[in-house]
Amino acid sequence: MGKLEEVPLEVLRQRESKWLDMLNNWDKWMAKKHKKIRLRCQKGIPPSLRGRAWQYLSGGKVKLQQNPGKFDELDMSPGDPKWLDVIERDLHRQFPFHEMFVSRGGHGQQDLFRVLKAYTLYRPEEGYCQAQAPIAAVLLMHMPAEQAFWCLVQICEKYLPGYYSEKLEAIQLDGEILFSLLQKVSPVAHKHLSRQKIDPLLYMTEWFMCAFSRTLPWSSVLRVWDMFFCEGVKIIFRVGLVLLKHALGSPEKVKACQGQYETIERLRSLSPKIMQEAFLVQEVVELPVTERQIEREHLIQLRRWQETRGELQCRSPPRLHGAKAILDAEPGPRPTLQPSPSIRLPPDALLPGSRAKPRLPMQVQKEQRKQTKASGQQDKTLAPNQALMVAAAGDACPPQHMPPKDPVPQDPVPQDLAPQDSAHHHSQESLTSQESEDTYL
């Protein structure tokens, strides 16, 4: 096992707080701050939030919301006996020293069986591939069975499509892509492998199909998966290129591998130094291999495949490079806002679509304007306290939420109470307006 990176407790708490805020506002962060998410994944997801973060990054959370009860339906189905026997034989081989999978028939092996069986029913044309078992096992260490199932679906369909099909054509194509990229990253290693005619499938199949879960130390596996869920398959390519570069990238190391057997053994028993968490992550982050380069090489290798072998038999969906591309392809459900009015209309105001009141004759309108003007001048001649009493006692337009009172004689309103009533009324209007604004924001 690799040595864990020693991080101060205060720094871990700050990371956890930032990740919690990000997960609680996931859509906003993915829309505007995707680069910050990538940087945080490169630093490592806090262990307490890793399972939840993987669900959000992979889009497994969205798939679960879009398919409520689907996993339970698949779990209750009997399944194909052809796949059930193969799955049963593979259960005890997955992380046999981990507490979840150490005992036969334990809850870990039971959940692993449920997830793998459900996938054979979800994609019967693909069935089961042995490389899916360690992938599902790592997921189950961080989340319940249903969430692990949907993350597995996303890995098989979005991150590594076609990897687990019967003919393994997608992994063969990616092997040629890896070998072509190696010529630019480490010409020495590329020349050595080419001279000895070592097919990429001999050393990279388990790396790629298991996402290095059976190759690297555990701490390095988690860091690689954090970046893989965020940035996509280019992280798998980068890790493979870094391992090849540091295992066979110098004349001294090449001299120690005179034949195919020695070279394969060197790649199967890698030096602990190059797999150490801090060293490996730094090398992977700095390696200049982009999605565009991978896709360009994919088109080149696909053209060569068609020229030499014909058309592909497995038509897998296009590969999506990371969390942003997956979210754009499958946006999650958004809650509908319930608007509340921010403008309060008087009782006699006309709403859109309502019929207008009959228009009064011009002579009547002039008389009404004269009366309004005269009453306004009369209010100006009153003393300030008297005007305030008149406004409080003779409110011609009560608020909508208060029924009009019967015109019964009332005692004059005390001067010290009138301003308080008016202030209370305005504060209620302001609060209502603020509440509606919060609703839209």
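Two helices whose axes make an angle under 35 degrees count as roughly parallel, those over 145 as roughly antiparallel, those from 65 to 115 as roughly perpendicular, and the rest as oblique. Keep that in mind for the first view; everything shown here comes from a predicted model.

**View 1. Helices α4 and α10 cross obliquely.** The axes of α4 and α10 come within 10 Å and cross at roughly 40 degrees. That angle falls outside the ranges for parallel, antiparallel and perpendicular, and the pair is therefore oblique. The crossing of α4 past α10 is left-handed. On the α4 side, the contact is made by Trp-54, Gln-55, Leu-57 and Ser-58, and on the α10 side by Gln-147, Cys-151, Gln-154 and Tyr-159. By class, these residues divide into four nonpolar and four polar, with no charged residue in the contact.

**View 2. A closer look at Gln-154 of α10.** Is this residue of helix α10 buried or exposed? Gln-154 has a relative accessibility of 0% and so counts as buried. Setting aside its neighbours within four places in sequence, Gln-154 touches Ser-58, Gly-59, Gly-60 and Lys-63, together with Tyr-159, Ile-326 and Glu-330. The contact with Ser-58 belongs to the α4 and α10 pairing of the previous view, where both residues take part.

**View 3. Helix α9 sits inside the structure.** Helix α9 spans residues 132-140, and nine of its nine residues are buried, so the rest of the structure largely encloses it. From Gln-132 the buried residues run through Ala-133, Pro-134, Ile-135, Ala-136, Ala-137, Val-138 and Leu-139 to Leu-140. What covers them? The cover includes α4 (50-58), α8 (107-122), α10 (145-159), α13 (201-209) and α14 (218-231). Two of these names, α4 and α10, are the partners of the first view.

**View 4. Helices α11 and α12 pack at an oblique angle.** Helix α11 (residues 169-185) and helix α12 (residues 187-195) have axes 6 Å apart and an angle of about 135 degrees. The two are therefore oblique to each other. Phe-179, Leu-182, Gln-183 and Val-185 of α11 meet Pro-187, Ala-189, His-190, Leu-193 and Ser-194 of α12. This contact has six nonpolar and three polar residues, and no charged ones.

**View 5. Val-185 links α11 to residues farther along the chain.** Val-185 lies in helix α11 and is partly exposed, with a relative accessible area of 22%. Beyond its neighbours within four places in sequence, Val-185 is in contact with Leu-241, Lys-245, Leu-287 and Val-289. How far apart are Val-185 and Arg-238, in sequence and in space? They are 53 residues apart in sequence and 9.8 Å apart from C-alpha to C-alpha.

**View 6. Helices α15 and α19 meet at a right-handed crossing.** Helix α15 (residues 234-248) and helix α19 (residues 277-286) pack at about 115 degrees, with axes 9 Å apart. The pair is therefore roughly perpendicular, and its crossing is right-handed. From α15 come Ile-235, Arg-238, Val-239, Val-242, Leu-243, Lys-245 and His-246; they meet Phe-279, Leu-280, Glu-283, Val-284 and Val-285 of α19. Eight of the residues in this contact are nonpolar, one is polar and three are charged. The spacing along a helix is worth recalling here: an α-helix has 3.6 residues a turn, so residues three or four places apart point the same way.

**View 7. Two loop residues have positive phi.** Most residues other than glycine have a negative phi. Phe-95, which is not a glycine, has a positive phi of about 45 degrees, and lies in the loop between α7 (81-90) and α8. Ala-211 also has a positive value, near 55 degrees, and is found in the loop between α13 and α14. With a relative accessible area of 1%, Ala-211 is buried.

**View 8. The whole chain, and where to read with care.** The protein chain has 24 helices and zero strands, and 41% of its 441 residues count as buried. Among contacts between residues at least 6 apart in sequence, 77% join residues at least 24 apart. The mean pLDDT is 80, with 74% of residues reaching 70 or more. Over residues 335-342 the pLDDT stays under 50, and the model gives this stretch eleven contacts beyond four places in sequence. Residues 379-441 are also below 50, with 34 contacts beyond near neighbours in sequence. Where pLDDT is low, the predicted coordinates should not be read in detail.

Key
Residues numbered from 1 in each chain as written. Predicted model: local features only at pLDDT ≥ 70, side-chain atom pairs only at ≥ 80, totals over all residues. Heavy atoms only, no water. Axes fitted to C-alpha atoms, helices over the stretch in contact; angles between N-to-C directions. Helix = DSSP H or I, 4+ residues; strand = E, 2+ residues; numbered from the N terminus. Left-handed = near helix turned anticlockwise from the far one by under 90°. Contact = heavy atoms within 4.5 Å. Nonpolar A, V, L, I, M, F, W, Y, C, P; charged D, E, K, R; others polar. Buried < 20%, exposed > 50% of the residue type's maximum accessible area, 1.4 Å probe, protein only. pLDDT = per-residue confidence, 0-100.
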